[in-house]
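Grab a pencil and open the viewer. Here are some short exercises, each with a worked solution.

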Amino acid sequence: MQEIIEKLHQDALAQLAEAATLEAVEAVRVDALGRKGKLAEISKQFGRLAPEERARLGKLLNTAKQELESNIDSRIAALESAALDKRLESEWIDLTTPAPGIRPGSLHPVTQVQKELEELFRSMGFAVLDGPEVESEYYNFDALNIPGDHPARDMQDTFWLKDGRLLRTHTSPVQVRGLETLKPPLKMIAPGRVFRNEEVDASHEHTFYQLEGMMVDRDVSVAHLIYFMKTFLSAIFKRDVTVRLRPGFFPFVEPGFELDIQCLICGGKGCPVCKQSGWVELCPCGLVHPAVLRYGGADPEEWSGFAFGLGLTRLAMMRYGIDDIRLFTGGDLRFLKQF
Ligand code: DAH
């Protein structure tokens, strides 16, 4: 009987060593130590043994049971710790690795040019003003010396609202608003979005950006206009630019001009960018019309000024070599990601 007990003990230990799951360990335990297990079966036969033999084998059996039990416990502990290790391994996260596929956003090219210009003009003492995109007919037209029957109204196809207001067609209304709030002497710029009811193509958009500028003081002349234009253009193009003025008509300036810069690509010799002329049209401007000063509450006998209307979107196109204006408001991330 001693051999049987020892064999059962050894077999159980061997099975235990092979048990790879908690279920398998439990099966070994039930088979050897359970109420109807192999060791229990053996002890049933103890009744027919002599007392000292029964005591000796009983002791042997108990030792085998205890040893098995403690082996089972440590096997369970080993399996549980292996399972935990495996889980930790699979759930491990390296918090220092950069997140994949997430890139920081960037400023829209027009915003970048706008911010740069704002900074530049601020450094020259200009205030940066804002005006409403939904504007009144008064500020967009009348106060700029464009009466209702004036042909200049047709120059700017307008989005009208049902209540008689409109989406501003240019940033010039901020001239009059600026005169009202700042009072001369003043230097101001007003960057912002403008809207025109236009057929959209590579060089025309219904929505684009302008930057209005105005200086009103005593004895402001065309010389001041040229000085400020040259200074800021040289700063944004990062080199000396040559400018020229051609006559241009706008009801809110007198005289009015078109300001051209000598082509930066060919230096004035003539190339496809300047259409062989050597000059690129950049920005309309002029001396503020006395009627506009009056609308803004300034006496034209005392005050004079210059104004200009820079095409911010056009400037960004020149700066970055973009040949289709529709890209700016198209919302295509492949375009925007490049800036
Ligand atoms: N507001 C005009 C436009 O959008 C541009 C303009 C012309 C602005 C002459 C000015 C100016 O300040 O002096 O067509």
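**Exercise 1.** By class, how many nonpolar, polar and charged residues does the shell around the ligand have?

*Solution.* Keep in mind that this is a predicted model. Start with the whole shell: 16 residues surround the ligand. Now sort them by class, and you get seven nonpolar, seven polar and two charged residues. The closest of the surrounding residues are His170, Ser172, Arg196, Gln210 and Glu212.

**Exercise 2.** Which protein atoms lie 2.9 Å or 3.2 Å from an oxygen atom of the ligand? Then work out how much of the ligand is covered, and by which elements.

*Solution.* Take the side chains to begin with. Arginine 196 puts a side-chain N or O atom 2.9 Å from a ligand oxygen, and glutamine 210 does so at 2.9 Å too. Next, check the backbone: alanine 307 has an N or O atom there, 3.2 Å from an oxygen of the ligand. As for cover, the ligand on its own has 360 Å² of accessible area, and the protein covers 93% of that. Strand E5 (207-217), strand E8 (279-288) and strand E9 (304-311) are the elements giving two or more residues to the shell.

**Exercise 3.** Is aspartate 324 buried or exposed? Find its surroundings as well.

*Solution.* First locate aspartate 324: look in the loop between helix H11 (312-320) and helix H12 (326-329). Its relative accessible area is 18%; the cut-off for buried is under 20%, so aspartate 324 counts as buried. Then look at its side chain, which makes a polar contact of 2.9 Å with the side chain of arginine 326. Finally, skip neighbours within four places in sequence, and aspartate 324 is in contact with Asp201, Ala202 and Met317.

Notes. Residues numbered from 1 in each chain as written. Predicted model: local features only at pLDDT ≥ 70, side-chain atom pairs only at ≥ 80, totals over all residues. Heavy atoms only, no water. Helix = DSSP H or I, 4+ residues; strand = E, 2+ residues; numbered from the N terminus. Buried < 20%, exposed > 50% of the residue type's maximum accessible area, 1.4 Å probe, protein only. Polar contact = N/O pair within 3.5 Å; in protein donor to acceptor, adjacent residues only side chain to side chain. Contact = heavy atoms within 4.5 Å. Near = heavy atom within 4 Å. Areas by Shrake-Rupley, 256 points an atom, 1.4 Å probe, with all protein chains shown as cover. Nonpolar A, V, L, I, M, F, W, Y, C, P; charged D, E, K, R; others polar.
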